[in-house]
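Here are a few short exercises to work through with the model open beside you. Try each task before reading its solution.

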Amino acid sequence: MEEKGAVLFRPVVDGNPNEDNWNIVELESRRQLRRAVNTLIDLSNRPLVTTSEIQAQLQQYTAIFGSLFARQLIRLLRSDEQQTRQSAVWLLTLVEDEAAIALLKQMSQNSQLSRSVRLSAALALAGKGATVEAAAEQRHKRLYAIS
């Protein structure tokens with residue numbers, strides 16, 4: 001163990017540069033991130049919690065964790081539980097993170113993933129208005145001014 005350092009735990013690397021080197025502070029941060037995402041998923045499944053309350057929590061967690069929060073929600077799309085996937089899709093439509101759109105597009109087109117995971121990613125994209133059809137609709141939309 002090292003004295004007065006944050007590096008209390010390091011896995012054996014065996015000379016592989018692609019291997020993750022995690023310290024205790026990073027592991028605790030990841031645990032807090034997973035806990036925050038699970039709390040938000042639980043809140044979204046409660047019938048008496050309003051959308052504005054969930055949006056406030058979502059903004060708070062996004063401010064704390066940044067784009068890692070959206071990435072963790074995207075990981076939940078691979079869940080075997082349908083309710084968890086549905087909640088993650090709904091929360092992803094509310095998250096404003098441009099990096100999430102690229103990840104969702106990649107996931108929706110990955111034929112190695114199950115159909116339900118690809119559909120969930122596509123549904124999240126549609127909810128964010130980031131599909132090809134939504135982009136085409138924005139280009140053809142005409143605005144008229146009445147004077």
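**Exercise 1. Work out the span of α6 and find which of its residues are buried.**

Solution. Keep in mind that this is a predicted model.
- Start with the length: helix α6 covers residues 115-128, which makes 14 residues.
- From its first C-alpha to its last it reaches 20 Å, close to the 20 Å expected at 1.5 Å a residue.
- Next, pick out the buried positions of α6: Val117, Ser120, Ala121, Ala124 and Leu125.
- Looking down the axis of α6, these buried residues fall within an arc of 140°, so they line one face of the helix.
- The face turned away from that buried side carries Arg115 and Leu123, which are exposed.
- To see what covers the buried residues, look for α4 (82-94) and α5 (98-108), which are included in the cover.
- Finish just past the helix: glycine 129 follows α6 and takes a positive phi of about 70°.

**Exercise 2. Decide whether serine 120 counts as buried or exposed, and describe its surroundings.**

Solution.
- Place the residue: serine 120 lies in helix α6.
- Its relative accessibility is 9%, and the cut-off for buried is under 20%, so serine 120 counts as buried.
- Look for a polar partner: a polar atom of the serine 120 side chain lies 2.9 Å from the backbone oxygen of serine 116.
- Then set aside neighbours within four places in sequence; serine 120 is in contact with Leu77, Arg85 and Val89.

**Exercise 3. Find the aromatic pair and classify its geometry.**

Solution.
- The count comes to one aromatic pair.
- Tyrosine 61 and phenylalanine 69 have ring centres 5.8 Å apart and planes at 35°, so the pair is tilted.
- Check the burial of each partner: tyrosine 61, at 12% relative accessibility, counts as buried, and phenylalanine 69 does too, at 0%.

**Exercise 4. Describe the largest nonpolar core and say which helix gives the most to it.**

Solution.
- A general point helps here: in soluble globular proteins, nonpolar side chains tend to be buried together.
- The largest nonpolar core has 30 residues, and those with the most contacts inside it are Leu40, Phe69, Leu73, Leu77 and Leu104.
- Trace the suppliers: α1 (24-44), α2 (51-65), α3 (67-75), α4, α5 and α6 each supply at least two residues of this core.
- α1 gives the most, with six residues.
- Now zoom in on leucine 104: neighbours within four places in sequence aside, leucine 104 is in contact with Ile74, Leu77, Leu92, Ala121, Ala124, Leu125 and Lys128.
- Among these contacts, Ala121, Ala124 and Leu125 are buried residues of α6.

Key. Residues numbered from 1 in each chain as written. Predicted model: local features only at pLDDT ≥ 70, side-chain atom pairs only at ≥ 80, totals over all residues. Heavy atoms only, no water. Helix = DSSP H or I, 4+ residues; strand = E, 2+ residues; numbered from the N terminus. Expected span 1.5 Å × (residues − 1). Buried < 20%, exposed > 50% of the residue type's maximum accessible area, 1.4 Å probe, protein only. Arc of directions from axis to C-beta. Contact = heavy atoms within 4.5 Å. Polar contact = N/O pair within 3.5 Å; in protein donor to acceptor, adjacent residues only side chain to side chain. Phe/Tyr/Trp six-rings, centres within 6.5 Å; stacked < 30°, edge-to-face > 60°. Core = buried A, V, L, I, M, F, W, Y, C linked by side-chain atoms within 4.5 Å.
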